[in-house]
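Me: Please take a close look at one part of this model. Start from a single residue, then work outward to the elements around it.

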Amino acid sequence: MCNEKSKDDLTIIEGESITVEHIKQILNLDKLVYDECYQNTLESSMDGFERNSDTYTMLYSSSADKIVAYVLVTAITDEYYDLIKSGRLIDAYLPPEAAVSYDHPGIYNLYFSSVVIHPDYQMVGVLKYLLEAFVEKLISLGDEGFYMKRVVADAVTDKGEKFCSLVGMDRLYESDHNSVIYEMELLPPKFKAITTAHAKFYDYYMEVSKRLFGDRDI
């Protein structure tokens, strides 16, 4: 396995640039890391993507000619946010109506569903590149008036737990299906800025919070 991957070899793919073939490739990635009960179907994945094309941030390798990493973060309704947070729902059974599209500027809930990196690409630089792109997406959405109040995650692997802790999410409790629920407040931001991308996002959302709510907490 190589110790480094050049950015020249890697390209971020998002939004309308994503194809059905890309979705199929990330489902193959899921098979490498998730138990079958946590793996989604192509039909369900496409339903969610068609409802909101900003759910995926993918990393394409030109040398491998395939998607080698991705982040899946979905804007969801209050009802399904609370249901996921309760630990009673496995996200593979999340119905299409749980997801919401960015049709109108406002404040949204996020479900951090997946971050998956192919075993041959699991090094710090790849994860950093992927997360930087995701942070830039959130800032771009903010510039258009779409803000994220809070984010919940259901960590089903040890690496998932480590990732949630790394990015500053709070560990809540174990779910009904042998995973761990994490949560993070974003308005106002309540996490430690541990990377340059983190710091940029923290400062941006601190300014958003002050602009929207003044000095009061929400």
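**From one serine to the sheet**

Reply: Ser-209 sits in helix α6, which covers residues 196-213. The model is a predicted one. Is Ser-209 buried or exposed? Its relative accessibility is 4%, so Ser-209 counts as buried, the cut-off being under 20%. Which residues does it touch, once neighbours within four places in sequence are set aside? Ser-209 then contacts Leu-187, Pro-188 and Gly-214.

Now the helix itself. α6 lies across two strands, β4 and β5 (146-155). Its direction makes about 125 degrees with that of β5.

Next, the sheet. It is open and has seven strands. Their order is β1-β2-β3-β4-β5-β7-β6, with mixed pairing. Two strands form the edges, β1 (10-14) and β6 (170-174). Each of these pairs on one side only. From one strand to the next, the twist averages 25 degrees.

One pairing can be followed in detail. Strands β2 (residues 56-61) and β3 (residues 66-76) run antiparallel. Six bridges join them. Ser-61 has Lys-66 of β3 as its bridge partner.

Another helix also packs on this sheet: α1, residues 20-33. Helix α1 touches β1, β2, β3 and β4 (106-117). Its direction makes about 95 degrees with that of β3.

Back to the start. Strand β4 is touched by α1, and α6 lies across β4 as well. Ser-209, in α6, is buried at 4% relative accessibility.

Definitions and conventions
Residues numbered from 1 in each chain as written. Predicted model: local features only at pLDDT ≥ 70, side-chain atom pairs only at ≥ 80, totals over all residues. Heavy atoms only, no water. Helix = DSSP H or I, 4+ residues; strand = E, 2+ residues; numbered from the N terminus. Buried < 20%, exposed > 50% of the residue type's maximum accessible area, 1.4 Å probe, protein only. Contact = heavy atoms within 4.5 Å. Pairing = 2+ DSSP bridges. Axes fitted to C-alpha atoms, helices over the stretch in contact; angles between N-to-C directions.
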